[in-house]
Protein chains: 2
Amino acid sequence: MKLAILGTGMVGRTIAARLATLGHEVALGTRDPNASRARPAPAGGQTLADWLAANPTVALMRFDDAARFGDMVLAALSGGGAVETLGAAASGIGAKILVDITNPLDFSRGMPPSLFVSNTDSLAEAIQRALPDARLVKTLNTVNANVMVEPGLVKGGEHTMFVCGNDPAARAEVADFLRTQFGWTDVMDLGDLTAARGMEAALHLWLKLWGAIGTPVFGIKVVR
Amino acid sequence: MKLAILGTGMVGRTIAARLATLGHEVALGTRDPNASRARPAPAGGQTLADWLAANPTVALMRFDDAARFGDMVLAALSGGGAVETLGAAASGIGAKILVDITNPLDFSRGMPPSLFVSNTDSLAEAIQRALPDARLVKTLNTVNANVMVEPGLVKGGEHTMFVCGNDPAARAEVADFLRTQFGWTDVMDLGDLTAARGMEAALHLWLKLWGAIGTPVFGIKVVR
């Protein structure tokens, strides 16, 4: 499968590496590939150039070229610029499935972050309004990047992932993708995109759980 | 133990009945006991007079009298009036442990409700500001009333309850109360009262889970 991952941060790289390992054709999208290749390493991290050298089958493309390349597009962007970035890549995304992994983090008040949209709206809904043709499915934003692609890191994978979106067939397709590609065993379909309000607001609790547990490698199981 | 439950709705009644069954001395607090006794039944429910007849050891008192009576005070109030009601009972609450079970539900936009405070503040923090002496501990607001007092209703009780508050000793005391009185086996201490933002925001996800599962009798297990 041809997969586009938009965003070259930790989440984008983790997902891209995993999908490339699984044998997919993977394009990593960024605003300006040359500038991204030249950028110094983030604090405690690897330069993108070094990362690409270590993951030689992953192609680096402009956002819109990557979106055009992919059969499915995954948005692993920072929340603040996501609507603008995806809007600019809308022609490449078209009516494809757009997997939205973003969180609307607001660091303007310091740590811990709050959310710049919440309660009666969500970033997922804002993205869907900007790209009305995209078959948007919100998922994966409730766990750490390593857990997203390898849920078995947490107690053999006995925890829950959620999907929501306005297109039931797209939700089912993404749920199947999570099961077959990443190994999620419990994927719950929460219905239309208003459920993204709860999935994004879960960040508040997630941050406190991270503090209490001392590692971001944990999961939430819906016991029923 | 002498326990005051403020609020005569489903949550207050469920907790009061359970604590009375366990042999505690229980006072149920309301604004005007005579008016509450005379009130017709809520839709699909029981009049308070009938409920009191079925739970004869539970005493009905004014909010402030009940608070004075209790060694510990549990707030099972509707979110909208909670700050005002608890403020009026502040002299009875004093420096006691105040267990805050409220959710800041806003039904003004119809169903499902949104929250009238969230993200950068919480109802628990608003209550604590109004009653700075109270040793406030937020808990139980993330599950259905029947699950609060009997977590074993869900898969033998293999799920998680949270406590937070600014007084570590009060958090530990309430966590112990939850274990010994209600049978919670996994109580996580999330630290200071800012964690209430996450615990209250969990309502958004809880409502969608209720819809997906078809019953409010479920729980969340933090897998770590």
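Two strands count as paired if DSSP finds at least two bridges between them. I'm writing that down before anything else, as I'm working on a predicted model and want my strand notes to be clear.

**Entry: strands E2 and E3**
I looked up how strand E2 of chain A, residues 25-30, connects to E3(A). The two run parallel, and four bridges join them. Four bridges were found and at least two are needed, so E2(A) and E3(A) pair. I also picked out one facing couple: Gly29(A) has Met61(A) of E3(A) opposite it.

**Entry: the whole sheet**
Next I wanted the strand order. In chain A, eight strands make an open sheet, and reading across I get E3-E2-E1-E4-E5-E8-E9-E10. The pairing is mixed. Which are the edge strands? They are E3 (59-62) and E10 (186-189) of chain A, each pairing on one side only. I checked the twist too: on average, neighbouring strands in this sheet are turned by 25° against each other, ignoring direction.

**Entry: a helix across the sheet**
Then I followed helix H9 of chain A, residues 168-182. Helix H9 lies across several strands of chain A, including E1 (2-6), E4 (72-75) and E10. Against E8(A), at 135-139, helix H9 runs at about 45°.

**Entry: two chains**
Last, I compared the copies. A turn of 180° with a shift of 0.0 Å along the axis lays chain A on chain B, with an RMSD of 0.0 Å. Why note the turn and the shift? Because together they give the relation of a two-fold axis. Both copies use the same surface: 100% of chain A's contact residues recur in chain B. Which residue of chain A comes closest to the rotation axis? I found Lys221(A), with its C-alpha at 2.5 Å.

Definitions and conventions: Residues are numbered from 1 along each chain as its sequence is written. Chains are lettered from A and ligands numbered from 1 in the order in which they are written. This is a predicted model: local features need pLDDT of at least 70, side-chain atom pairs count only at pLDDT 80 or more; totals for chains, interfaces and linings use all residues. Side-chain values use heavy atoms; hydrogens and water are left out. Axes are lines fitted to C-alpha atoms, for helices over the stretch in contact, and angles run from 0 to 180 degrees between N-to-C directions. Contact means heavy atoms within 4.5 Å. Copies are superposed by least squares on the C-alpha atoms of residues with pLDDT of at least 70 in both.
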